[in-house]
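Please take a look at the model below. A short report on it follows.

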Amino acid sequence: AAYDAGEHDSFMHKEMLEQPARAEAVLRGRLDERFGTGHLGGLNLDARELRAIRRVKILGCGSAYYVGEMGASLIEELARVPADAEPASEFRYRNPIIEPDTLYVAVSQSGETIDTLLAVQEVRRKGGRVIGLVNVVGSAIAREVDGGIYLHAGPEVAVASTKALTNMYLAFAMLAIQLGRVRDLSIADGRRLIAGLTALPGQIEQVLATEPQLALVAHRLAEAESLFFVGRVRGFPVAREGAQKFKEISYRHAEAYQTSELKHGPLALISPQVPTVAIVPDDELVERNVAALEQIAARGGPLVVVTHEGVDLGDAAAKADRIDVPRSERELDPILLTIPLQVLAYHAALSLGHDIDKPRNLAKSVTVE
Ligand code: G6P
């Protein structure tokens, strides 16, 4: 039979549930437990070349851009190499400065997104070195780059990316650890992170097993015309990706904000009609995040809090729907925080009766400018 969604109502659902197995596939053979590092042969970069990298610039569109932001923060945190992500669609039009000691990273599920492909070509035309984080083997971007990491997510059909996005994150984590281990990341930290990565597929499975509870929360969220997704530092790209997914398939207005910036503007919009989905990992910022939740609750704003077990939500607890995800290594928290947001978007769209795999006005890959 042709590739189909099987017993699932949509490819998105099938692809979400494939994530534990596909996550194992992207990690397989690429983790060096003994030396606490990544083993990414396809990069075509030896230790000396990896060490010579002074900056990392990540280019992608849509969800690939948001996961690029997660990747930039992993690289800065683990390797202490300055890194940032930029929409590939903007990059070539601002006459970017291409530096020989910058590593350019193109991120794309399809490998065919024209904006990302043209960004790669612009870098190469100016002599820069580009690697690809690409799912489709032999795609245009995969053929154009100097090396890279195939994502092994298998075919992804739903416009809203799930398993490819997760594997992009895991590829970034391995890259960040490998860049770190030729610098100041210790063998102990390297091993700790490799163990954290190894545990992730099973933990993703645990999050997916909470789908019935997430569906109930999603049904309530689907009633709102407008929502906020908030997070800070590692949690901010998670909020951005969560808002993106939600708006793509539910057609509700979903806006991502840094939790810290709420008081500088958007708090004016908080009301009983405007829910906030808050990313509150048990990290360095947990107390400040909880204080922000209390401000939202005090204005009657409904709350959905994606957090870790044991986090005390204070006065906001009574008004919040709480979603606990398993603890990972702190640096790796974003991916487990992202998974419930996929499930929320999916069930919101389902309850609204939308075409989940083919949302209006959107294409799986945009191959014309
Ligand atoms: C389109 C899709 C998005 C996707 C983006 C990048 O805009 O609607 O869901 O994230 O392209 O696709 P890529 O294949 O390059 O990852």
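The report covers one helix pair, one proline and the ligand shell.

This is a predicted model: local features need pLDDT of at least 70, side-chain atom pairs count only at pLDDT 80 or more, and totals for chains, interfaces and linings use all residues. Residues are numbered from 1 along each chain as its sequence is written.

**Helix pair.** The axes of helix 4 (residues 63-79) and helix 8 (residues 163-181) come within 9 Å and cross at roughly 20 degrees. Helix 4 is therefore roughly parallel to helix 8 (angle under 35 degrees). Helix 4 passes helix 8 in a right-handed crossing (the near helix is turned clockwise from the far one by less than a right angle). Helices here are DSSP runs of H or I, at least four residues, and strands are runs of E, at least two. Val67, Met70 and Leu74 are among the helix 4 residues that meet helix 8, whose partners include Met168, Phe172 and Ala176. Contact means C-beta atoms, placed from the backbone, within 7 Å.

**Residue classes.** Ala, Val, Leu, Ile, Met, Phe, Trp, Tyr, Cys and Pro count as nonpolar, Asp, Glu, Lys and Arg as charged, and the others, Gly among them, as polar.

| Site | Nonpolar | Polar | Charged |
|---|---|---|---|
| Contact of helix 4 with helix 8 | 15 residues | 3 residues | no residues |
| Shell around the ligand | 6 residues | 9 residues | 1 residue |

**Proline 82.** Proline 82 sits in the loop between helix 4 and strand 4 (83-87). Leaving aside neighbours within four places in sequence, proline 82 is in contact with Arg55 and Glu76.

Note on methods
Axes are lines fitted to C-alpha atoms, for helices over the stretch in contact, and angles run from 0 to 180 degrees between N-to-C directions. Angles under 35 degrees count as roughly parallel, over 145 as roughly antiparallel, 65 to 115 as roughly perpendicular and the rest as oblique. Two residues are in contact if their C-beta atoms, placed from the backbone, lie within 7 Å.
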